Every structure is written in C-alpha cells, then in structure tokens.
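User: I'd like to go through this model and ask what backs up each label. Can you take me through it?

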Amino acid sequence: MLNRSLIAAIALAATLCATIADARAWDDARYPDLKGQWVRGYPGGARFDPAKGLGPRQEAPLTAEYQAIYQANLAEQAKGGQGIDPTYRCLSPGMPRIMHVYSPMEIVVTPDTTHILIEHIHDSRRIHTDGRDWPADMDDNPMFRGYSIGSWIDEDGDGRYDVLESETRHFKGPRAFDASGLPLAFDNQSVFKERFFIDKTNPDIIHVLTTVIDNALTRPWTSDRQYMRFSENPVQWPETWCQEGNANVVIGKENYFLRVDGVLMPAKKNQAPPDLRYFTQPQK
C-alpha cells in the first residue's frame, strides 16, 4: 500500500499538471492589451452621451410620463433639493453611471470572467464569458450594477479577439442616468447592451458602445463612451468613498445639510424643520 506521503506527492503533481494545462489553454495573446489604468476620456462632466451636454441637453428620448417626472425633478433641484438622483445618499450609482468611471478603471480578463474594477462604492463589475445562461433566481437578488453575460468575438478572423459584447439585466433601484436625475424607469427592467473595443487608430483609447432599452424611453438610446489609458504601469489606485465629507442628512423624505460646526441647516428655501416631537423642546 502506498504511504500517505507518496499519495500526497502524487496528488500534488496531478494538481500542478492540471494547472499547467489550464495555463497553456489560456492564451492571453488572443485578447486585446487592456492593462493599465483607464480614465474617462471626454471632458465636460459625467454623462451618458459624451456627444451632448449635461442634463436636459442630453436630449434623452423620454416618454411623456418620465419627461414630466424629470421636469419636476429639475424644479426641485433648482430650489436646492436633490430631486430623484439617489447618489447623494451614497447609494451605488448603478448602471449606466458605474461606467462614468468616477475612479480609475482596471480591466482584468480571465478565462471565464472579465472584471471591471473601479474603486468607488460598489462600482466593480463582472462580465461572465463562460457561456452561462441567465440564472433562474436572479429576480430574487437584483443588484445596482445588474448581472452581465458576455462573449469575446474575433470579428476580422485574425485569431485575436477584437470585441467584448455584453448584456446586463436584473437591476434594483433607484438609479438615474446622471446627477441631474435623468430617470430610468422605476420598474428596473432596464437592458444594457455593450460593445467594448480598442480604437483602431489609438491603442490607448477604449470605446464602450452602449445601448439602453428601458421603459422610461420611447426607443433604445445608444452612446459611444471613450476611456483613455492614463498609466500602463500604475503604482497607486485611488479610492473614492462617498461618505467622506458628505454633509447631506436625510430625515424622513427630506434632505438637510450638516454645517461644519455640526449644526443642521435647511438645504432649500423655506424648508420645514424635521419632526422633533420626541425631543425636549426649548422653553420660550
């Protein structure tokens, strides 16, 4: 009978052989060079369509219902309120705002998953490329970032992948397109279809062609967002955390502002104070 040491050695050797075989099967030369630190490659603020301006200038194809919701939101923001933008409470921006890349982005490709890593709240994503179907129980566990399934494609037949195609579903909310409160439908039935590819004339630019299908829109809405390689060999990855320095205080349905000396202030003109019924009132 083989002794335990020999059995353990055989098992270890088998594991190493399997690992080497997997490594040989994984040929990273077939994939585009995505290493390094990527940042938003267009000026003028975080927005879905870089070809147009912020907020109403995006000219989003909203339905009449959601156009009215958006206008009421803008009026609320004009008075000093936050409207329906949820991120002032440090909720994750969710899709599609994750891809505004509020902190530098890293793209890590593995055999089964392409990871999009962003050090901002919970903005990192996984795009599963192992051929799986949509899980049956996804509606029980929706996510701000949704659930993404994709595949790598060799479009020109040269043996190298050119495009990562991805589809993302199964969201929870609230979510908005941008800080102006440009709305997505409250039913969270959004579908995002993305095509990631490197610019043909500049290897330091990634395009993400994104099409949104959503019940707040009269038609699918497509944009081309670009990201620039900021550093090929970064030493540090900055972390952005919404809670740091956030002076917004939500009480009930109202947002107030916390002054640097700890005094609670109204956030908009003629705002009523919070309900203080359970606090001792000062004597007049």
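Here are some questions on the cavity, the fold and the surface.

Analyst: Sure; keep in mind that this is a predicted model.

User: What makes the largest cavity a cavity rather than a pocket?

Analyst: It's called a cavity because a 1.4 Å probe fits at its points but cannot get out, whereas a pocket is an open set. The search of the whole structure finds one cavity of 30 Å³ or more, and the largest cavity has a volume of about 90 Å³. Of its 13 lining residues, L34, I107, W152, L164 and F196 are the closest to the centre.

User: Which strands each supply at least two residues of that lining?

Analyst: β3 (113-118) and β7 (191-198) do. The largest share, three residues, comes from β7.

User: How do you know what class of residue makes up the lining?

Analyst: Leu, Ile, Trp and Phe are among the types that count as nonpolar. By class, the lining has 11 nonpolar residues, one polar and one charged.

User: What does the radius of gyration say, set against the globule rule?

Analyst: The rule puts a compact globule of 284 residues near 19 Å, but the protein chain has 24 Å. So by that rule, which is 2.2 Å times the number of residues to the power 0.38, the chain doesn't match a compact globule. Its C-alpha atoms fill a box of roughly 90 × 50 × 40 Å along the principal axes.

User: How much of the chain counts as buried?

Analyst: With the cut-off at under 20% relative accessible area, buried residues make up 38% of the 284. The chain exposes about 16500 Å², and carbon and sulfur atoms supply 54% of that.

Methods: Residues are numbered from 1 along each chain as its sequence is written. This is a predicted model: local features need pLDDT of at least 70, side-chain atom pairs count only at pLDDT 80 or more; totals for chains, interfaces and linings use all residues. Side-chain values use heavy atoms; hydrogens and water are left out. On a 1 Å grid over the protein atoms alone, a cavity is a set of points where a 1.4 Å probe fits but cannot get out, and a pocket is an open set with protein on both sides within 12 Å along at least five of seven lines; lining residues have an atom within 4 Å of a point. Grid points are joined across faces, edges and corners, and a volume is the space filled by probe spheres set on the points. Helices (H or I, at least four residues) and strands (E, at least two) are DSSP runs, numbered from the N terminus. Buried means under 20% relative accessible area, exposed over 50%, partly exposed in between (1.4 Å probe, protein chains only). Accessible areas come from the Shrake-Rupley method with a 1.4 Å probe; for residues, only the protein chains shown count as cover.
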